[in-house]
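Open your viewer, switch to a cartoon view and keep the selection box at hand. We will walk through this chain stop by stop.

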Amino acid sequence: ALHELQVLEAATYQSMIAPTVLNNGETENYGFGIGTDTLLDTETIGHNGGIFGFATDSMYIPSEDIFIAILGNSDSFDIWPGTTLDRLAALALDKPFPVLSETEMDMEAAASLAGIYASDEVTRSFFERDGKVFTYREGGVEAEVSYAGDGVYFYGPTSLSWFEFDTEAEPTQMRFYARASAAPQVLTYTGAIGEAVSVDPSILETYLGTYTLDIPPVAVIAPQENDLEKGITIQLTGQPALPLQVVSETEFAVRSVGAVIRFGPTETGTMGLTIEQGGGEFKGVRVED
């Protein structure tokens, strides 16, 4: 009834499903109550929702006149309803996502493929650390990788993205299959991942302490495992301590959450830090004992 204009006039309906242009000129894929999206190169519109004990998701595919709704009554899902929604929609489009099961990681094969892969749109790193395999998308967050066998890598049951390598290509290519596109994104090997930059522990020691932020939590900078030779960590109130990866003597990355931390003196000479994450910037000042 809604999509066949039995509820709204045509102009109102179009306003509901059209992306919104913000005052700064940027476009947000959300209209008057409905979000727009792409699944396997197909335009979709829909909305999700949730409250204690329930989670829902829905999708309408205008080109196929297909509507899918998912309703789940739980506070904790092994697989989130939105993932099931995407799988059902892909089946309806006759473009099913592969169902991948985790098997033992071939660490030798993974090590031989480690490096930086890039296209015109994105750069991804593929690497091993502490017996686990990860990818890192530049500007995003690092993610642990599961292995499905036969050279196929994925991100577990809650993700529909997966990738494989074409070692016959010269240089080697990563073929990355994402939720939005039916065709793989092809990234080409550009080189090995550089050695980590080291910072003298005496410099790291100047960053230690508790910082008040311009948001409610406080940030605690501490030695990793009580050993400055291993680096430093950041811990926000109520969150776990996360290791900081050195970018330079003053800049560090928290790739697991897509954040950048910068240290430097404030106008008063007190040590300060800046946290950049998700387009936001939060500043803090160290509290002197």
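## First stop: a pair of bridged residues

Select M59 and I68: M59 lies in β5, and its bridge partner in β6 is I68. Keep in mind as you look around that this is a predicted model.

Now widen the selection to the two strands. β5 and β6 (residues 66-72) run antiparallel to each other and are paired over 7 bridges. Follow the backbone through the turn of this hairpin, where 4 residues sit between the strands, and click on D65: its phi is positive, near 55 degrees.

## Second stop: the other partner of β5

Next, add residues 42-51 to the selection. This is β4, and it pairs with β5 (residues 54-61) in the antiparallel sense, again over 7 bridges. To find one of the matched positions, click on N48 and look across to D57 in β5, its bridge partner. The turn here has 2 residues between the strands, and G53 of this hairpin has a positive phi near 90 degrees.

While you have side chains on display, remember a general point: in a regular strand, side chains alternate between the two faces of the sheet.

## Third stop: two unusual phi values

Select L40, in the loop between β3 (35-39) and β4. Its phi is near 50 degrees, which is positive although the residue is not glycine. Is L40 buried or exposed? L40 is buried, as its relative accessible area is 5%.

Then jump to E225, in the loop between β17 (218-223) and β18 (232-236). E225 also has a positive phi, near 55 degrees, and is likewise a residue other than glycine. Show the surface around this one: E225 is exposed, with a relative accessible area of 58%.

Such residues deserve a click, since most residues other than glycine have a negative phi, and most peptide bonds are trans.

## Fourth stop: a cis peptide bond

Select E170 and P171 and show the backbone as sticks. The peptide bond joining E170 and P171 is cis, with omega at about 0 degrees. To place P171 in the fold, colour β13 (162-166) and β14 (173-177): P171 is in the loop between them.

## Fifth stop: the open sheet

Go back to cartoon view and colour β16 to β24. These 9 strands make an open, antiparallel sheet, and the order across it is β19-β18-β17-β16-β24-β23-β22-β21-β20. Which strands stand at the edges? They are β19 (242-243) and β20 (245-246); each has a single partner strand, so one side of each has no neighbour in the sheet.

Zoom in on the β20 edge. The partner there is β21 (residues 251-254), joined to β20 by 2 bridges in an antiparallel arrangement. Pick Q245 and you can look across to A253, its bridge partner in β21.

## Last stop: the whole chain

Zoom out and clear the selection. The chain has 4 helices and 24 strands, and its C-alpha atoms fill a box of roughly 70 × 50 × 40 Å along the principal axes. Of its 289 residues, 34% are buried.

Turn on the surface: about 17,000 Å² is exposed, with carbon and sulfur atoms supplying 50% of that area. Finally, colour by charge. You will find 13 positive and 44 negative side chains, and the centres of these two sets lie 2 Å apart.

Key. Residues are numbered from 1 along each chain as its sequence is written. This is a predicted model: local features need pLDDT of at least 70, side-chain atom pairs count only at pLDDT 80 or more; totals for chains, interfaces and linings use all residues. Side-chain values use heavy atoms; hydrogens and water are left out. Buried means under 20% relative accessible area, exposed over 50%, partly exposed in between (1.4 Å probe, protein chains only). Accessible areas come from the Shrake-Rupley method with a 1.4 Å probe; for residues, only the protein chains shown count as cover. Lys and Arg count as positive and Asp and Glu as negative; His and the chain ends are not counted. The place of a charge is taken as NZ of Lys, CZ of Arg, CG of Asp or CD of Glu. Two strands pair if DSSP finds at least two bridges between them.
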